[in-house]
Amino acid sequence: MSELELQQLEAAFDQKIVNDQKIEPKDWMPEKYRQTHIRQISQHAHSEVVGMLPEGNWITRAPSLRRKVALLAKVQDEAGHGLYLYSACETLGISRDELYDQLHSGEAKYSSIFNYPTVTWADMGAIGWLVDGAAIINQVALTNTSYGPYARAMVRICKEESFHQRQGFEIMMTLAEGTPEQKAMAQDALNRWWWPSLMMFGPTDAESVHTAQSMKWKLKRKTNDELRQQFIDQTVPQAHLIGLTIPDPDLKWNEAKGGYDFGPINWDEFWQVVKGYGPCNKSRMDARKGAWDEGKWVRDAAVAYAEKQEANLEMANA
Ligand code: BYC
């Protein structure tokens, strides 16, 4: 391709971004745009799949049939989200096997939040309320992202996340209205999940290496700090409503900015978890790799079955 042709393609691509037109899989795109999308979409897919593990821990111990059914449905939705996202990622020219290899080898990241333990039933409430709540805030912005398959996957995912957030909040509300022990359990879960939930949005804008370029490409529609602030402003009144206390002594309404000021986030803890040294990084990866190895016979059987069907069809058409 000549230099002139490349410039024309780049100009047409830039114009599409300016016009808010979607970039589709067969459209020309800069190699860095493609790579950045593979990075973010695959991390997102891995997060959904690893994100099933902390909750899977509680399916057999849910306190009632109703809670068990809702939790099962939620975890199943997360598997579905992983599948839409892996499919969206594959449209960028990378295979599912390569993506799984990146996760299992530790090369690919997944959200820091899933490396914390789920020690009581209230953690199922806190995850739904806070973690899915944070995910919705991040993902509603992404329904408007520039890459078509990612934006479309986000629309359906957000609808399902909204159910997840409500089921979590309802668990917290029920516990908060229960016995003093149940209320204490809800407060303890909020204490442990609050700060890691704020870390989900990533480093501050000043420290974020990808935000500036991703905002220009309209991959990200809001910055990490903007989304974090939106999450805090939305969640604090919900905690007040059910009589729980946000574990931040510096939290204070700031009339001038129309939002809450909040205390310092422990970024050392965040980077430790991201680098693989969180409380559950090893057990999450062991569980993931174990499931992959133990599922080999299912994948082999599915391939053998598909080959047999294809051979039968060929014979019928011969
Ligand atoms: N954890 O330049 P930055 C869910 C990494 S699933 C780990 O700001 P970017 C759910 C970042 O990757 C939730 N790593 O990056 C599922 C980068 O490292 P690399 C997942 C993090 O991409 C089941 C470096 O730090 N949601 O909701 O512009 C049950 C510098 O960061 C984290 C998504 O994936 C983190 N928290 O912004 C319930 C949403 N934060 O790649 C719920 C889509 C940052 O250079 N992703 N890093 O090695 C995004 O919106 C963006 O990728 C992020 C980070 C805001 C997360």
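**Entry 1: a loop residue**

Where in the chain is the place of Asp20? I looked this up in a predicted model, and I found Asp20 in the loop between helix 1 (3–18) and helix 2. I then noted the backbone of Asp20, where phi is near 60 degrees, a positive value in a residue other than glycine. I wrote beside this that most residues other than glycine have a negative phi. Next I asked how far Asp20 is covered, and I recorded it as partly exposed because its relative accessibility is 48%, and partly exposed is the class between 20% and 50%.

**Entry 2: another positive phi**

I went on to Lys218, whose phi is also near 60 degrees and positive, again in a residue other than glycine. Its place is in the loop between helix 9 (211–216) and helix 10 (224–241). Is Lys218 buried or exposed? I found that Lys218 counts as buried, because its relative accessibility is 17% and the cut-off for buried is under 20%.

**Entry 3: the chain as a whole**

Before going further into single residues, I stepped back to the whole chain, and I noted 13 helices and two strands. The radius of gyration is 22 Å, close to the 20 Å that the globule rule gives for 318 residues, so I wrote down that the chain is as compact as a globular protein of that length. Along its principal axes, the C-alpha trace spans about 70 × 50 × 35 Å.

I also looked up how much of the chain is covered, and 46% of its 318 residues count as buried. The accessible surface comes to about 16300 Å², and carbon and sulfur atoms hold 57% of that surface. Of the contacts with a separation of 6 or more, 76% are between residues 24 or more positions apart. For the charges, I noted 35 positive and 43 negative ones, with mean positions that are 2 Å apart.

**Entry 4: Ser42 in helix 2**

I returned to helix 2, which runs over residues 31–50 and contains Ser42. I recorded Ser42 as buried because its relative accessibility is 3%, where buried means under 20%. Which backbone oxygen does the side chain of Ser42 reach? It is the backbone oxygen of Ile38, at 2.6 Å. When I left aside the neighbours within four places in sequence, I found Ser42 in contact with His37, Cys89 and Leu99.

**Entry 5: Arg284 in helix 12**

My next residue was Arg284, which has its place in helix 12 (residues 281–294). I noted this arginine as buried because its relative accessible area is 10%. What does Arg284 touch, not counting residues up to four places away in sequence? I listed Val50, Leu53, Pro54, Tyr110, Phe114, Asn115, Tyr116 and Pro117; of these, Val50 carries a number that I had already met as the end of helix 2 (residues 31–50). I also looked up Arg284 against Trp193, and the two are 91 residues apart in sequence and 18 Å apart in space, C-alpha to C-alpha.

**Entry 6: Ala239 in helix 10**

I found Ala239 in helix 10, and I wrote it down as buried because its relative accessible area is 0%. Leaving aside the neighbours within four places in sequence, Ala239 is in contact with Trp129, Leu244 and Ile246. How many residues apart in sequence are Ala239 and Ala176? They are 63 residues apart, while their C-alpha atoms are 9.9 Å apart in space.

**Entry 7: the start of the chain**

Last I turned to Met1, which is found in the segment before helix 1. I recorded Met1 as exposed because its relative accessible area is 69%, and exposed means over 50%. Even so, I found that Met1 touches Leu6, Leu9 and Trp28, not counting residues up to four places away in sequence. Finally I looked up Met1 with Met173, which is 172 residues away along the chain, and their C-alpha atoms are separated by 61 Å.

Terms used
Residues numbered from 1 in each chain as written. Predicted model: local features only at pLDDT ≥ 70, side-chain atom pairs only at ≥ 80, totals over all residues. Heavy atoms only, no water. Helix = DSSP H or I, 4+ residues; strand = E, 2+ residues; numbered from the N terminus. Buried < 20%, exposed > 50% of the residue type's maximum accessible area, 1.4 Å probe, protein only. Polar contact = N/O pair within 3.5 Å; in protein donor to acceptor, adjacent residues only side chain to side chain. Contact = heavy atoms within 4.5 Å. Rg over C-alpha atoms; globule rule 2.2 N^0.38 Å. Areas by Shrake-Rupley, 256 points an atom, 1.4 Å probe, with all protein chains shown as cover. Lys, Arg positive; Asp, Glu negative; His and termini not counted. Charge placed at Lys NZ, Arg CZ, Asp CG, Glu CD.
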